[in-house]
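Trainee: Before we discuss any of the terms, could you put the structure in front of us?
Mentor: Here it is, and we can then hold each term against its definition.

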Amino acid sequence: MIGRAAKHRDSALWIAAMVHRISGLALAIFLPLHFLALGLALESEARLESFLRWSDQPLVKAAEIALVFLFTVHLLGGLRILVIENFDWRDGQKQLATLAAALSAIVAFAFLVRVF
Amino acid sequence: MTTELSVSLWRGAQNGRYETYRVPQRQSQTVLDVVTFVQRHIDPTLSYRFACRVGVCGSCAMTVNGKPRWTCRTHIAKVASGGKLEIGPLANLPVIKDLATDMQPFFEKWQQAEGAFAPTKTRHDAISQIRPDTPARKAADAAIECINCGVCYAACDTVRWNADYLGPAALTRAWTLVNDERDGGNIARLQAIAGAGGCHACHSHQSCQELCPQALNPTAAIAGLKRRTAAAYLKGEIKI
Amino acid sequence: MNVRLYLWQRATAAVMAPLVVVHIAVIFYATRHGMSAADILSRTRGSIAWAAFYGLFVFAVSIHASIGVRNVLSEWTPLNERRVDACAVFFGFALAVLGLRAVAAVVLT
């Protein structure tokens, strides 16, 4: 393979695109599990309740915090793309991408404060 | 005593290797100067491309420390940290030899994107009055100065991941023609860029826009094409 | 990716944007109040509003995520186009079935 990893890949926008893709993949993997968990209510309310109690443990809560971050960053990154694709060009894309990540971190932190 | 640069150059074709050369560092030296020094004073078998040497032709584009750039416009002082430099051929194109790539796929995609003007008038018709301040002409003018250097194509990850993808340069040229009121080939053009490998493959990484030496914005042009193809598709003017 | 898949993916994204905001609010509400299964189900059971909301969400995400996954498979794996299409369609259907089942689980009395 010619050359090492291209240096432009430390650009904020390239990172934003990767975060968008990885977060999408993570959510796509998570979603069937989420649906299966909710589907436990078909068995009984008690079954769902015991699952919710299982999910109270710190490791699961940490994963949920990560998911909240990924969910929010995927939404905000996606909105940025929708704006690029449907409205006139605006400069400042790097700043918008960084803002999206920062807001997502704030939301995830707010969630962390709630659960711990 | 002159400082020396340690310069790794790609030698060979697709299966080659980097070879290192020691090149004296000079003031205001460019990467092209360094490559030229190696070919003239150390190894005359080194193959590379250049033409104008002054940043107007785009022939000298190579990968410098991982980034595609015009080597005649890249000062050593800006890129050789610790006196080291790695220079390879442009990415995403077949390597002919050493630092020279085969630009044919790049130009074939240009054609596939219908990047050629489709005239609607003859010499016997009145000349079209093109106002420079209409939104369409402004959009075309903002995208027209492409000199086909291949930097955007080499920088684009989607080109790397998707062999069908027409790439930023071809699509930007299509955009200028879509905005040209004299052009009569828009349905065919929009059809050509609406399928696999067309403008919708673009993920807006914007490497093209960040690295274009002519300060063009293929991301914006492609976004415009996404809107135009979507409208044409919804109106039934083009099909999948 | 082509114009048709692009339109479906972007349209479902636009539809889901407000749904996602509401869902995040729901997540925060449920966590703050430490809601149990009983608390949640007492609100969702028999609710046409929640059924419609999450039903729409499930349809939209099944389309959106399957097209996204299709792109990733197409660009990052050596699978050919037919295989990629098949995986994406399968994934979309799986999400729709599991998702509607989950909605039914919390909404049906």
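Trainee: Why are α1(A) and α4(C) called roughly parallel to each other?
Mentor: This is a predicted model, in which local features need pLDDT of at least 70, side-chain atom pairs count only at pLDDT 80 or more, and totals for chains, interfaces and linings use all residues. Residues are numbered from 1 along each chain as its sequence is written, while chains are lettered from A and ligands numbered from 1 in the order in which they are written. The axes of α1(A) and α4(C), lines fitted to C-alpha atoms over the stretch in contact, with angles from 0 to 180 degrees between N-to-C directions, come within 8 Å and cross at roughly 30°. Angles under 35 degrees count as roughly parallel, over 145 as roughly antiparallel, 65 to 115 as roughly perpendicular and the rest as oblique, and α1(A) and α4(C) are therefore roughly parallel to each other.

Trainee: Which residues make the contact of these two helices?
Mentor: Contact means that C-beta atoms, placed from the backbone, lie within 7 Å. Among the residues that make the contact are Leu31(A), Phe35(A) and Gly39(A) of α1(A), and Leu95(C), Leu98(C) and Arg101(C) of α4(C). By class, this contact has eleven nonpolar, two polar and one charged residues, where Ala, Val, Leu, Ile, Met, Phe, Trp, Tyr, Cys and Pro count as nonpolar, Asp, Glu, Lys and Arg as charged, and the others, Gly among them, as polar.

Trainee: What makes up the side of chain C that touches chain A?
Mentor: In that contact, 27 residues of chain C meet 27 residues of chain A. The largest share of the chain C side, ten residues, comes from α1(C), and the residues of this side divide into 20 nonpolar, four polar and three charged.

Trainee: How do you know that there are four helices and zero strands in chain C?
Mentor: Helices (H or I, at least four residues) and strands (E, at least two) are DSSP runs, numbered from the N terminus, and by that rule the elements of chain C run α-α-α-α.

Trainee: What radius of gyration does chain C have, set against that of a compact globule?
Mentor: Taken over C-alpha atoms, with the globule rule of 2.2 Å times the number of residues to the power 0.38, a compact globule of 109 residues would have a radius near 13 Å, but chain C has 16 Å. Along its principal axes, the C-alpha trace of chain C spans about 45 × 25 × 25 Å.
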